Amino acid sequence: MSNLGNKQIMANNIRYYMNIHSVSQTEICNTLGFKMPTFSDWVNAKTYPRIDKIELMANYFGVTKADLVEDHSSRSHLNVKLKMKKP
């Protein structure tokens, strides 16, 4: 079990998937219609997104919602799909 808070876990996971897919905050915000300050707050663990926004991001990255919200300290067990699904 992790000592990280939910916001920090989410932030780490968003940054992880942004990195492996080589996408910027601007690209995600433009594609999914998020406001940059709101998305920045998620990435910096200041706030936690609503479930509908988590679902949009999961679909965008081609992962499950659980992949975004759960602590995956050991990512070797994740089934990461490198090809993104664009909404």
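So, which contacts account for 60% of those in the protein chain with a separation of 6 or more? They're the ones between residues 24 or more positions apart. Keep in mind that this is a predicted model.

Let me back up to the overall layout. We have five helices and zero strands, so reading along the sequence you just get α-α-α-α-α. The chain has 87 residues, and 36% of them are buried. Its accessible surface is about 5,300 Å², with carbon and sulfur atoms taking 50% of that.

Okay, on to one helix pair. Have a look at α1, residues 6-21, and α3, residues 36-43: their axes come within 7 Å and cross at roughly 110 degrees. That puts α1 roughly perpendicular to α3, because anything from 65 to 115 degrees gets that label. Who's touching whom? From α1 you've got Lys 7, Ala 11, Ile 14, Arg 15 and Met 18, and they meet Phe 39, Trp 42 and Val 43 from α3. Sort that contact by class and you get six nonpolar residues, two charged ones and no polar ones.

Now the aromatics. A pair of rings is described by how far apart the centres are and by the angle between the planes. Here the count is six aromatic pairs. Take Tyr 16 and Tyr 17: the ring centres sit 5.0 Å apart with the planes at 80 degrees, so we call that pair edge-to-face. Tyr 16 is partly exposed at 25% relative accessible area, while Tyr 17 is buried at 0%. Those two also belong to one aromatic cluster with Tyr 60 and Phe 61.

Back in α3, Phe 39 and Trp 42 make another edge-to-face pair, 5.8 Å centre to centre and 70 degrees between the planes. They're three residues apart in the helix, so about one helical turn separates them. Both come out buried, Phe 39 with a relative accessible area of 0% and Trp 42 with 4%. And remember, these two are among the α3 residues that meet α1.

Last thing, a couple of backbone oddities. Which residue in the loop between α1 and α2 has a positive phi without being a glycine? That's Ser 22, with phi near 50 degrees, and at 61% relative accessibility Ser 22 counts as exposed. Then there's Ala 45, in the loop between α3 and α4. Ala 45 isn't a glycine either, but its phi is positive, about 60 degrees. Unlike exposed Ser 22, Ala 45 is buried, at 18% relative accessible area.

Key:
Residues are numbered from 1 along each chain as its sequence is written. This is a predicted model: local features need pLDDT of at least 70, side-chain atom pairs count only at pLDDT 80 or more; totals for chains, interfaces and linings use all residues. Side-chain values use heavy atoms; hydrogens and water are left out. Axes are lines fitted to C-alpha atoms, for helices over the stretch in contact, and angles run from 0 to 180 degrees between N-to-C directions. Helices (H or I, at least four residues) and strands (E, at least two) are DSSP runs, numbered from the N terminus. Angles under 35 degrees count as roughly parallel, over 145 as roughly antiparallel, 65 to 115 as roughly perpendicular and the rest as oblique. Contact means heavy atoms within 4.5 Å. Ala, Val, Leu, Ile, Met, Phe, Trp, Tyr, Cys and Pro count as nonpolar, Asp, Glu, Lys and Arg as charged, and the others, Gly among them, as polar. Buried means under 20% relative accessible area, exposed over 50%, partly exposed in between (1.4 Å probe, protein chains only). Accessible areas come from the Shrake-Rupley method with a 1.4 Å probe; for residues, only the protein chains shown count as cover. Rings of Phe, Tyr and Trp (its six-membered ring) pair if their centres lie within 6.5 Å; planes under 30 degrees apart count as stacked, over 60 as edge-to-face and the rest as tilted.
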